[in-house]
Amino acid sequence: MIEYIDTTIKATAGEDLVIVARGVDAFGDVLPGCSFNVFDGDNHLFMIEGILNADNIWEFYVPAEATKNLKGRYHYCMCDENHNTLCFKCPIYFI
């Protein structure tokens with residue numbers, strides 16, 4: 001299960017997840033590469049490389065193994081292909 005509330009994500013831990021997002025530059029052009037990163041405070045937990053679908057939406061396939069022991073509030077951010085952060089860290093809750 002995944003719920004999106006503005007930039008906050010709520011997801012079921014221990015399940016395969018597909019998180020989707022638009023990744024564009026300042027001109028509105030789709031980024032050539034994008035990754036999804038999850039943090040516990042300053043501790044980087046994992047990174048998922050995105051796959052651009054036919055509708056120019058980035059899909060991040062998060063395996064159940066990556067979240068099986070997570071409960072509560074964490075943070076995520078998206079990065080471009082050069083690992084530059086595209087946004088501030090946003091909350092992601094695993095239930």
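Biologist: Which loop is N84 found in?

Modeller: N84 is in the loop between β8 and β9. Bear in mind that this is a predicted model.

Biologist: Is N84 buried, exposed or partly exposed?

Modeller: N84 is partly exposed, at a relative accessible area of 42%.

Biologist: And what is N84 in contact with, leaving aside neighbours within four places in sequence?

Modeller: M78 and C79 are the residues in contact with N84 on that basis.

Biologist: How far apart in space are N84 and I9?

Modeller: Their C-alpha atoms are 21 Å apart, and in sequence the two residues are separated by 75 residues.

Biologist: OK, sheets. What is the strand order in the open sheet of three?

Modeller: The order is β3-β7-β6, and the pairing is antiparallel. At the edges stand β3 (17-21) and β6 (51-52), each with a single partner strand, so one side of each has no neighbour in the sheet.

Biologist: How many bridges are there between β3 and β7?

Modeller: Five bridges, in the antiparallel sense. One pairing to look at is I19 in β3 with F60, its bridge partner in β7.

Biologist: And how many join β6 to β7?

Modeller: Two bridges there, again with β6 and β7 (residues 58-62) running antiparallel. L52 has W58 as its bridge partner, and I51 has E59.

Biologist: What sits between β6 and β7 in that hairpin?

Modeller: Five residues separate the two strands, and N56 is in the turn. N56 has a positive phi, near 60 degrees, in a residue other than glycine. Most residues other than glycine have a negative phi. As for accessibility, N56 is partly exposed, with a relative accessible area of 36%.

Biologist: Which residue in the loop between β1 and β2 should I look at for a positive phi?

Modeller: Try D6, in the loop between β1 (2-5) and β2. Its phi is positive at about 60 degrees, although D6 is not a glycine. D6 is exposed, with a relative accessible area of 77%.

Biologist: Back to β7: why is it largely enclosed by the rest of the structure?

Modeller: Because four of its five residues are buried. β7 is also one of the elements giving two or more residues to the largest nonpolar core.

Biologist: How many residues are in the largest nonpolar core, and which touch the most other members?

Modeller: There are 22 residues, and I19, F36, V38, F60, Y76, I92 and F94 touch the most other members. Two of those names came up a moment ago: I19 and F60 are the bridge partners across β3 and β7.

Biologist: Which other elements give two or more residues to the core?

Modeller: Besides β7, they are β2 (8-11), β3, β4 (34-40), β5 (43-49), β8 and β9 (90-94).

Biologist: What does F36 touch, not counting residues up to four places away in sequence?

Modeller: F36 touches I9, I19, F46, M47, I48, F60, Y76, C77, M78 and I92.

Biologist: Switching to pockets. How much space lies in the largest pocket?

Modeller: About 160 Å³.

Biologist: What lines the largest pocket?

Modeller: The lining is Y4, D6, T7, I9, I19, V20, A21, F36, Y76, M78, C87 and C90. By type, ten of the lining residues are nonpolar, one is polar and one is charged.

Biologist: Which element gives the most to the lining?

Modeller: β3, with three residues. β8 (72-80) also supplies at least two.

Biologist: What about T67: where does it lie, and is it buried or exposed?

Modeller: T67 lies in helix α1 (residues 64-67). It is buried, with a relative accessible area of 0%. Not counting residues up to four places away in sequence, T67 touches T12, A13, G14, E15, F46, V62 and F94.

Biologist: Last one: which strand is R73 found in, and what is R73 in contact with?

Modeller: R73 is found in strand β8. Leaving aside neighbours within four places in sequence, R73 is in contact with P91, I92 and Y93. The C-alpha atoms of R73 and I95 are separated by 9.0 Å, and those two residues are 22 residues apart along the chain.

Technical notes:
Residues are numbered from 1 along each chain as its sequence is written. This is a predicted model: local features need pLDDT of at least 70, side-chain atom pairs count only at pLDDT 80 or more; totals for chains, interfaces and linings use all residues. Side-chain values use heavy atoms; hydrogens and water are left out. Two strands pair if DSSP finds at least two bridges between them. On a 1 Å grid over the protein atoms alone, a cavity is a set of points where a 1.4 Å probe fits but cannot get out, and a pocket is an open set with protein on both sides within 12 Å along at least five of seven lines; lining residues have an atom within 4 Å of a point. Grid points are joined across faces, edges and corners, and a volume is the space filled by probe spheres set on the points. Ala, Val, Leu, Ile, Met, Phe, Trp, Tyr, Cys and Pro count as nonpolar, Asp, Glu, Lys and Arg as charged, and the others, Gly among them, as polar. Buried means under 20% relative accessible area, exposed over 50%, partly exposed in between (1.4 Å probe, protein chains only). A nonpolar core is a set of buried Ala, Val, Leu, Ile, Met, Phe, Trp, Tyr and Cys residues joined through side-chain atoms within 4.5 Å. Contact means heavy atoms within 4.5 Å.
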